[in-house]
Amino acid sequence: MSYQHAADNWFSAIIIGIITMAVLLNIFRAKAGAQLYIRRISGLDAIDEAIGRSTEMGRPVTMIPGLTAFGVVAVQALTIFKYITKQIAKFATPMRLLTADAAVYAVAQEAIHDAYNEAGRPDLYDPDSVRFLSDRQFAFASGVAGLIQRERVAANFMFGEFYAESLIFAETGNIVGAIQIAGTTSFTQVPFFVVACDYTIIGDEFYATSAYLSREPVLLGSMVGQDIAKFIFLLTIAVGTVASTMLGADHPFIKLLGMPGGWDAFWRHVLGGK
Amino acid sequence: MENRTFWQQMLLIDRRILYMILFANMIIFLLVPVKVKTVTSPPVRKFYDTIEQLHPGDMVMVSSNWGAGTIGESLPQFEAVIRHLMRKKLRFTILSFEPQARDISLRFATRFTKEGGYKYGEQWAHFGFMPSPAVAIKGMVKDLPATIKQDVKGIPISQLPVMRGVQTLADYKVVIDVTPSGTVSAWISYRPQNLKVLFCPTSVMAAEAYTFLDSGQVAGMLTGAIGAQEYEQLLGIEGLGTSFAKAISFSHALIILFVILGNIALFMSRRAQGG
Amino acid sequence: MWRIDTSTTAGQVFIGLIVLGFLAFFVGMIPLMQALPPRGRRLLIGAVTFLAGAIFAAEFFLPVDKKGENWLSPAIEPAQSTLQIINALALGLGTYGLMRLHLRNIVQKRAQWGYSVVLILAFLAMGFFSVWNTLAEKGELPKTGFLNKGFGLLFDNMYIPLDAAMFSLIAFYIFSAAYRAFRIRSIEASILMFTAMTVMIGIVMLGNIISYSWLGLPVEQTPEMEKNPFSPANIAYNLALPRVAYWILQVLNAPVQRAIEFGVGIGGLAMAIRLWLSLERGVT
């Protein structure tokens with residue numbers, strides 16, 4: 001048996017449902033005017049400082065969504081890049097957005113164009129500033145590293161999914177003396193960013209970025225919902241740890257917590273093998 | 001120009017000098033015939049034992065998703081795995097989720113199987129490339145021939161002798177994912193529960209797999225070329241992993257030496273500045 | 001219900017009509033989108049997004065039969081294939097953008113335009129031999145010595161070493177980054193440095209040499225050692241660098257990774273819900 005549908009273990013589906021409800025309820029609560037708090041993330045506070053430095057030096061800003069294929073991570077990365085572009089547009093600082101995914105490239109062109117329009121500077125938009133380099137990992141890495149070197153970028157923003165190429169970007173940026181801010185959901189790349197970048201945004205802080213930058217009620221409410229979901233996970237871990245210590249790892253109750261077929265096994269056990 | 005002490009110069013050392021030293025170190029230890037027997041790490045031992053427990057004729061799926069970039073780490077793993085499968089007389093099929101990975105795995109598998117006396121179509125086959133891991137695995141769980149349809153040579157897979165008795169992925173015993181990308185999570189999520197997952201990541205990615213090893217969702221792991229070297233040692237062969245592992249080992253030592261020197265330089269410079 | 005037999009003429013005509021229908025629908029959508037006020041446009045996009053996401057959600061949540069399928073299951077594969085087709089079209093768009101940029105560089109003789117010439121020549125050469133090679137493998141074009149030499153030169157002798165060289169650069173960058181970053185500046189930095197050094201030594205053969213050859217620590221755990229976990233022999237066995245490195249990875253690293261993974265997963269799920277229900281403004 002494999003886990004392909006909710007029916008393979010209804011417990012997991014119920015948990016997904018509860019998390020969804022927690023997120024949605026808190027979004028509506030925030031929309032209704034509830035005051036919600038989000039802690040300081042110093043890496044995000046440094047974005048404006050990095051843009052200011054690029055403007056002073058007259059050198060471009062690079063934005064790299066990594067190897068992110070089009071999906072939630074890409075949308076989040078582009079949301080952050082759109083915010084950065086709006087700030088850049090105020091000072092007419094040149095920018096380059098470099099992608100490895102053609103679908104992200106197509107959406108990024110629209111997003112960056114919109115950012116210049118919303119900032120009231122549509123004249124500054126250059127279609128060549130958003131570039132698809134290659135969908136091959138290391139061809140993309142060499143393209144990005146070459147551009148960072150040639151154009152001596154002053155600020156480098158890396159947000160998205162990264163693999164082995166992360167250190168090539170970060171170290172090249174370090175060589176040219178760029179201020180670097182990175183945020184990624186790929187936690188194996190976090191150590192590389194930590195040693196080579198000025199600020200690193202780790203794990204789900206990446207998803208908190210848009211809420212932090214925009215302070216939109218929808219996003220802040222969603223953050224509270226996510227915290228409730230984390231509490232549910234913690235509770236499941238605690239209950240699972242105690243139960244597996246007391247009942248053994250093969251007990252139907254443990255299978256209920258995550259194994260495909262666990263729901264049926266649990267109820268068979270409860271109903272006495274019926 | 002102000003006069004700098006040796007330690008101050010050490011702190012400001014040009015990174016190109018570091019690169020030169022590392023390059024020389026790698027070349028030397030790739031060429032020097034040093035032989036060291038190492039203790040097998042638990043993930044490699046579990047990997048080996050999982051294959052050893054299989055019976056001749058059992059089916060193994062090799063999910064090969066590496067390309068030219070990671071050839072230094074993935075090829076030693078791939079070679080050791082294929083040689084072990086042939087030694088145990090297991091039937092195996094290869095599937096890639098990337099077009100370049102298909103070409104490169106077909107090329108090397110053809111070479112290794114020729115040396116091992118395996119016949120294409122009878123003891124092994126290559127399923128070519130499928131674009132989406134989740135869709136492909138979900139499909140294979142229900143009906144493998146209908147999902148894959150034909151092999152890399154265009155032969156319908158139901159006509160291949162190697163596929164006798166195989167209808168779904170549940171008829172396989174083990175899947176081995178040789179990959180520098182995130183394909184293993186799709187195997188873990190959608191595989192049939194009886195199918196054990198063995199994982200061959202690059203060194204950079206290995207840290208994230210310890211959660212799956214801990215939970216038993218991954219039954220064993222070879223970490224990069226170092227893992228391949230330990231595996232070759234268990235198999236009693238000297239492949240690419242053994243020679244690469246020497247260079248990697250002494251490069252680690254070199255990095256640590258320079259980290260220590262850097263810290264001494266920092267300490268001495270601070271002392272010279274009186275603080 | 002979702003399968004069409006393409007071996008029959010009727011099936012082929014039906015497929016053709018579906019393709020033409022979709023084409024007409026999308027072409028018709030363009031003036032409609034332009035005519036609509038921004039609010040209406042957003043509503044339409046929201047409705048399409050919701051419907052597209054609902055197919056996947058419903059397929060996951062609806063009860064299944066004994067084969068593990070429900071009435072929507074056969075639609076998932078075609079839906080995924082459609083996504084692949086959209087990606088392929090986008091790849092064409094990306095390649096066009098790349099070529100346009102570099103041709104402009106050459107025509108306008110922008111700074112370092114020589115690199116653009118190299119890129120376009122490499123693109124044309126690789127494209128020519130790759131297409132020829134693919135068609136030759138299918139038997140649709142002859143496999144000549146020129147093809148073997150050309151493709152071999154470009155793929156085996158240039159592309160593979162160049163790709164591997166880029167990956168190898170990481171080793172050099174790790175060296176310079178570690179040299180720069182691993183400094184005893186604070187307690188946290190010191191813990192980070194010593195942990196990293198222990199794992200680096202412990203996982204390679206040098207850890208074996210130090211622990212077992214130089215220090216003579218026990219290699220295997222005997223049944224007596226297992227019975228007395230606090231015996232000096234067992235403590236010595238567990239202090240070997242490979243054991244300590246494995247313990248760090250398994251006991252310290254794994255829970256942290258798991259915690260981050262939970263956070264990222266929940267964050268992704270929340271973002272997906274916001275996008276599906278058009279609650280996220282973001283890039284839209």
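## Helix α5 and the strands of chain B

Helix α5 of chain B, which spans residues 99–116, lies across three strands of that chain: β1 (59–64), β2 (91–96) and β3. Relative to β3(B), the helix runs at about 165 degrees. The structure described in this report is a predicted model.

## The sheet of chain B

In chain B, 6 strands form an open sheet, and their order is β3-β2-β1-β4-β5-β6. The pairing in this sheet is parallel. Strands β3 (124–129) and β6 (220–221) of chain B each have a single partner strand and stand at the edges, so one side of each has no neighbour in the sheet.

Strands of a sheet pair through backbone hydrogen bonds, in either a parallel or an antiparallel manner. Within chain B, strand β4 (residues 174–179) and strand β5 (residues 196–201) run parallel and are joined by 6 bridges. One residue pair may be named here: Val178(B) has Cys200(B), in β5(B), as its bridge partner.

## The sheet of chain A

Chain A also contains an open sheet of 6 strands with parallel pairing, arranged in the order β3-β2-β1-β4-β5-β6. At the edges of this sheet stand β3 (130–132) and β6 (199–202) of chain A; each has a single partner strand, and therefore one side of each is left without a neighbour in the sheet. From one strand to the next, the twist of the chain A sheet averages 15 degrees.

Which strand of chain A pairs with β3(A) over 3 bridges? Strand β2 of chain A, comprising residues 95–99, does so in the parallel sense. Leu98(A) has Arg131(A), in β3(A), as its bridge partner.

Definitions and conventions: Residues numbered from 1 in each chain as written. Chains lettered and ligands numbered in written order. Predicted model: local features only at pLDDT ≥ 70, side-chain atom pairs only at ≥ 80, totals over all residues. Pairing = 2+ DSSP bridges. Helix = DSSP H or I, 4+ residues; strand = E, 2+ residues; numbered from the N terminus. Contact = placed C-beta atoms within 7 Å. Axes fitted to C-alpha atoms, helices over the stretch in contact; angles between N-to-C directions.
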